[in-house]
Amino acid sequence: NFQAGQIVFLEYTDSRLYTEVIQVVVERDLCWVRPLLLVNQQYSEAPQINDLRSTSDLLWPINLFQPALDTQVIELYAQILIKEPKPELSQTAKQMLHQFIQELWQANQNEAQ
């Protein structure tokens with residue numbers, strides 16, 4: 001049972017999409033979330049953290065979300081907040097979010113078949 005304002009994540013391969021719950025749509029088993037961070041552990045020991053706060057909200061099946069630990073999220077936020085925001089980051093962030101969601105959706109469709 002997720003609550004509005006709670007931080008949850010979706011995980012696929014080496015990436016985690018951290019989001020904030022806006023609303024749980026119980027009747028449809030969906031969660032309306034606002035993307036916050038996309039964290040990729042694939043390339044090095046230090047995770048690659050992308051700020052997605054300027055991207056679009058998502059409606060996604062609630063059963064795919066996992067609750068995030070406050071300590072994880074605070075550490076990740078601290079790393080992006082010290083960086084200067086860049087205007088061109090917005091388009092890159094949207095593309096990264098789109099790619100992550102597309103891959104996660106495809107993987108879940110393949111599992112359902």
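Setting aside neighbours within four places in sequence, Ser-15 is in contact with Leu-10, Leu-38, Val-39, Asn-40 and Phe-100. This serine is a convenient place to enter the structure, which is a predicted model. Ser-15 belongs to strand S2, which covers residues 15-25, and because its relative accessibility is 10%, below the 20% limit for burial, the residue counts as buried. Among the residues it touches, Asn-40 deserves separate mention, since the side chains of Ser-15 and Asn-40 make a polar contact at 3.4 Å.

With that residue in view, the reader can step back to the whole chain. The chain contains 2 helices and 6 strands, and from the N terminus the order of these elements is β-β-β-β-β-β-α-α, so that the strands precede the helices along the sequence. Of the 113 residues, 34% are buried. When contacts between residues at least 6 apart in sequence are considered, 57% of them join residues at least 24 apart. The surface that the chain exposes comes to about 7,500 Å², and carbon and sulfur atoms supply 50% of that area.

The start of the chain's strand order can be followed through Tyr-12, which is found in strand S1, an element that covers residues 7-12. Tyr-12 is partly exposed, with a relative accessible area of 25%. Apart from residues up to four places away in sequence, Tyr-12 touches Phe-100, Glu-103, Leu-104 and Ala-107, and Phe-100 also appears among the contacts of Ser-15. A further link across the sequence is given by Tyr-12 and Asn-108, which are 96 residues apart along the chain while their C-alpha atoms are 9.9 Å apart in space.

Between S1 and S2 the chain passes through a loop that holds Thr-13. Although Thr-13 is not a glycine, its phi is positive, near 45 degrees, and the residue is exposed, with a relative accessible area of 61%. A comparable description applies to Asp-29, which lies in the loop between S2 and S3. Asp-29 has a positive phi of about 55 degrees, again in a residue that is not a glycine, and because its relative accessible area is 52%, over the 50% limit, Asp-29 is classed as exposed.

After that loop comes strand S3, residues 30-40, where Arg-34 has its place. How exposed is Arg-34? With a relative accessible area of 33%, Arg-34 is partly exposed. Leaving aside neighbours within four places in sequence, Arg-34 is in contact with Tyr-18, Thr-19, Glu-20, Ile-22 and Asp-57. With Asp-57 there is also a polar contact between side chains, at 2.9 Å. The C-alpha atom of Arg-34 is separated by 9.5 Å from that of Ile-7, a residue 27 places away along the chain.

Thr-55 leads from this region towards the later part of the sequence, for it lies in the loop between S4 and strand S5, the latter covering residues 58-61. Thr-55 counts as buried because its relative accessibility is 9%. Its side chain reaches the backbone oxygen of Leu-52 at 2.6 Å, and, not counting residues up to four places away in sequence, Thr-55 touches Pro-35, Ala-93, Lys-94 and Leu-97.

The last stop is the second largest pocket, which brings the reader back to the serine of the opening. About 240 Å³ of space lies in this pocket, and the elements that give two or more residues to its lining are S3, strand S4 (48-51) and helix H2 (89-112). Which element gives the most to the lining of the second largest pocket? That element is H2, with 4 residues. In total 13 residues line the pocket, and those nearest its centre are Ser-15, Leu-38, Asn-40, Gln-42 and Gln-99. By type, the lining residues divide into 4 nonpolar, 7 polar and 2 charged. Ser-15 and Asn-40, both among the residues nearest the centre of the pocket, are the pair whose side chains make the polar contact at 3.4 Å, and Leu-38, which is also in that group, is one of the residues in contact with Ser-15.

Technical notes:
Residues are numbered from 1 along each chain as its sequence is written. This is a predicted model: local features need pLDDT of at least 70, side-chain atom pairs count only at pLDDT 80 or more; totals for chains, interfaces and linings use all residues. Side-chain values use heavy atoms; hydrogens and water are left out. Buried means under 20% relative accessible area, exposed over 50%, partly exposed in between (1.4 Å probe, protein chains only). Contact means heavy atoms within 4.5 Å. Accessible areas come from the Shrake-Rupley method with a 1.4 Å probe; for residues, only the protein chains shown count as cover. A polar contact is a pair of N or O atoms within 3.5 Å; within protein, one must be able to donate a hydrogen and the other to accept it, and residues adjacent in sequence count only if both atoms are side-chain atoms. On a 1 Å grid over the protein atoms alone, a cavity is a set of points where a 1.4 Å probe fits but cannot get out, and a pocket is an open set with protein on both sides within 12 Å along at least five of seven lines; lining residues have an atom within 4 Å of a point. Grid points are joined across faces, edges and corners, and a volume is the space filled by probe spheres set on the points. Ala, Val, Leu, Ile, Met, Phe, Trp, Tyr, Cys and Pro count as nonpolar, Asp, Glu, Lys and Arg as charged, and the others, Gly among them, as polar.
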